[in-house]
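Work through these exercises with the model open beside you. Try each task before reading its solution.

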Amino acid sequence: MVTVDVSAADPPATLRAPLDAESRRRLLTGTHHDPHALLGAHPVPGGVAFTVLRPYAQAVSVVVNGHTTALALDDVGDGLFAGVLPLASIPEYELRVTYDGREVSLQDPYRFLPALDELDLHLIGEGRHEELWKALGAHPMTHQGVVGTRFTVWAPNARGVRVCGDFCRWDGAAYPMRSLGSAGVWELFIPGVGDGDLYKFDITRSDGTHTVRADPLARRAEAPPATASVVTRSAHVWADAAWMAGRADRPVCQSPLSVYEVHLPSWRPGSTYRQLAEQLTGYVTDMGFTHVEFMPVAEHPFGGSWGYQVTGLYAPTARLGTPDDFRHLVDTLHQAGIGVIVDWVPAHFPKDDWALAAFDGEPLYEPGDPQRAEHPDWGTLTFDYGRKEVRNFLVANATYWCEEFHVDGLRVDAVASMLYLDYSREEGRWTPNEHGGRENLDAVSFLQEMNATVYRRSPGVVTIAEESTAWDGVTRATHHTGPGGTGGLGFGLKWNMGWMHDSLEYIQHEPVHRQYHHAELTFAMIYAYSENYLLPISHDEVVHGKGSLVSKMPGDWWQQRANHRAYLAYMWAHPGKQLLFMGQEFAQGAEWSQEHGLDWGLLDPSYPARSDHSGVQRLVRDLNHQYRTAPALWEQDTVPDGFAWVEADAAQDNVVAFLRFAADGTPLLAVSNFSPVIRHDYPLGVPETAGAWTETLNTDAAEYGGGDVRNPGPLKPDPEAAGAFPARLLVTLPPLATLWLRPE
């Protein structure tokens, strides 16, 4: 807005252009579907009628070709100003509006044609707009030669929608939006509004009441507890072209994938996205992880939800900075050769009355059936996967994170809760599907569409399902029909919750009792190739009284750390990719707390027991660096050719041993001794090789905090058969330790 001199104003217009009573009522109550038909400039007999709605204004004038003409205040008031100028056609014009004796110059929002294309409206109506974020929301732009922001929102049940924000003191009366066709989309271009301005939508429900809502497509939001949406335009210049060009070179299942799971606000409490770009990138690079996985970064009102109750699916949380700051973090990680996975939550959303719930006065994003809408576990609402516009909202959101923020993977939370209609619901509290079954067919179709769309649009990206049941075909391609006659869900990887549960159950037993639970360590190989698996030791395992990973281990402190180290090396060698939650890489004793962050003081040089923790940290670093250079550990994770048992039945010894094979047949032998005794000359079968085998990793090494029981020299295989193998090694097994051996 620009202050101007009004001393040379022309006389007021002599003709009036009154609105009929019904049009006035609908306009002023925010229920008119087409305010542009009433406001702005329109040809009438005798000239051009100008009608302006400016609540609280003292005077309004129209400026045409340098001539200023005052409009008359409507008899009823209410901020309506009108007049007819003797003009042959509608001219270019601007408004001069006086508030409290101060005049400002501005453009009339109601002189502009729609700023949304017919194709956009068609795709929205069909539920097929794969770049929905470019059509809906707030977009700064130049429209008909004027700089401003286009606001668009989907609210099909609304009687009217108005834009309000800090640019109008949160009174939306002056900015009613127009309805564009039958798609339920409302639009308004507001000149002068731009990057950083706050806004919401004032929606008139079907009963005439109003609700003020944040924008579901907002690409930036205020930092909680504030709830406004923020107009934003990205100025980030990406520098990760090399990473983006190469990330699809090798299928994820045939690539190294070692994931460091991070809760960004508590990794280094108080750090911003830009500070984390330096701190986290340096740390992860040193530790050798190939990827980071961020717990949900989309905006959420309650920090205690860790991001899993999302209200702003398109906005990175403002707690740590702006969307461009988040882009900078991803960009920096990519330039260091580190992939970025984000947790994505399409399973449910919270009931906050300023967000998605009953958005336009009726169930919109949630199902109309209250039983199906309610998520009993979390007191939230589920999405209506059967509504095409809601599916479009979610599918486009998945592609949005991959394309706008260059993320390399989406880990989809709570997939099981989406797949089953009776999930956590008692008998009588759910309705079977059309075939009488418990499967949520709409959710299945949505997940298939999401995966197919993401993989088509973003080659090299991986989608990962947190799915805890035996659903068939989670990682099967959507176009490949399974035994049940349906296509796969199309995920790239699935969290192996069975392996996690069983292996943790085993390792928590005292060694003397482990022989009775040996199957818990070996059972995962029965189904290891039924899906493409990732082995997760995630945040869920180190909260809510479960204790940290090291605290789950039995014995004294030395034994706990030894068990911890042995377990991690066993995990890294086991078929499947791996994920480790922050803090477990240095054996933090306390369980994770998002309020307090990690116990980095355990690694402080002045801390007396620093070596206990730095030794475990050094092991994880070595695990990652050796893993990267050993194709046997990742090249054939998803096919039986990549694995062979050497010793699966030594329950009384608490020993397991297996071989991993690269695509060219190069082996790696992994053996774990989960008993507290040294086992000398332990026979292990191996394939015939040209030379000796070398111990390349030993979790009992002194530098890791162990007792340093080693196999110091090359081990030459004996020609004596052992099990299914033609030769054997006699290996010293340290107590509570895992060894990796490779042929020279």
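**Exercise 1. The cores**

Which residues touch the most other members of the largest nonpolar core?

Solution. First, the ground rules. This is a predicted model, where local features need pLDDT of at least 70 and side-chain atom pairs count only at pLDDT 80 or more, while totals for chains, interfaces and linings use all residues. Residues are numbered from 1 along each chain as its sequence is written, and side-chain values use heavy atoms, with hydrogens and water left out.

- Step 1. Fix the term: a nonpolar core is a set of buried Ala, Val, Leu, Ile, Met, Phe, Trp, Tyr and Cys residues joined through side-chain atoms within 4.5 Å. Buried means under 20% relative accessible area, exposed over 50%, partly exposed in between (1.4 Å probe, protein chains only).
- Step 2. Find the hubs. Phe151, Tyr260 and Phe294 touch the most other members of this core of 178 residues.
- Step 3. Find the main contributor. Helix α8 (residues 388-404) supplies the largest share, nine residues. Helices (H or I, at least four residues) and strands (E, at least two) are DSSP runs, numbered from the N terminus.
- Step 4. Look for another core. One of 21 residues lies apart, and its members include Val646 and Phe661.

**Exercise 2. Helix α1**

Find the buried residues of helix α1 and say what they pack against.

- Step 1. In α1 (residues 21-28), Ser23, Arg24 and Leu27 are buried.
- Step 2. These residues lie on the same side of α1, because they cover an arc of only 100° around the axis. The arc is that of the directions from the helix axis to the C-beta atoms.
- Step 3. The buried residues of α1 pack against β3 (47-53), β6 (80-85) and β11 (160-165). Contact here means heavy atoms within 4.5 Å.
- Step 4. Check what follows the helix. Just after α1, Gly30 has a positive phi of about 75°.

**Exercise 3. Helix α2**

Which residues of α2 are buried, and which are exposed on the other side?

- Step 1. In α2 (residues 118-126), Asp120, Leu121 and Ile124 are buried.
- Step 2. Their arc around the axis is only 100°, so they sit on the same side of α2.
- Step 3. Glu118 and Leu119 are exposed on the other side.
- Step 4. The buried residues of α2 pack against β12 (178-180), β13 (185-191) and α8.

**Exercise 4. A loop residue**

Is Ala701 buried or exposed?

- Step 1. Place Ala701: the loop between β33 (693-698) and β34 (727-733).
- Step 2. Ala701 has a relative accessible area of 1%, so Ala701 is buried.
- Step 3. Not counting residues up to four places away in sequence, Ala701 touches Gly706, Asp708 and Arg710.
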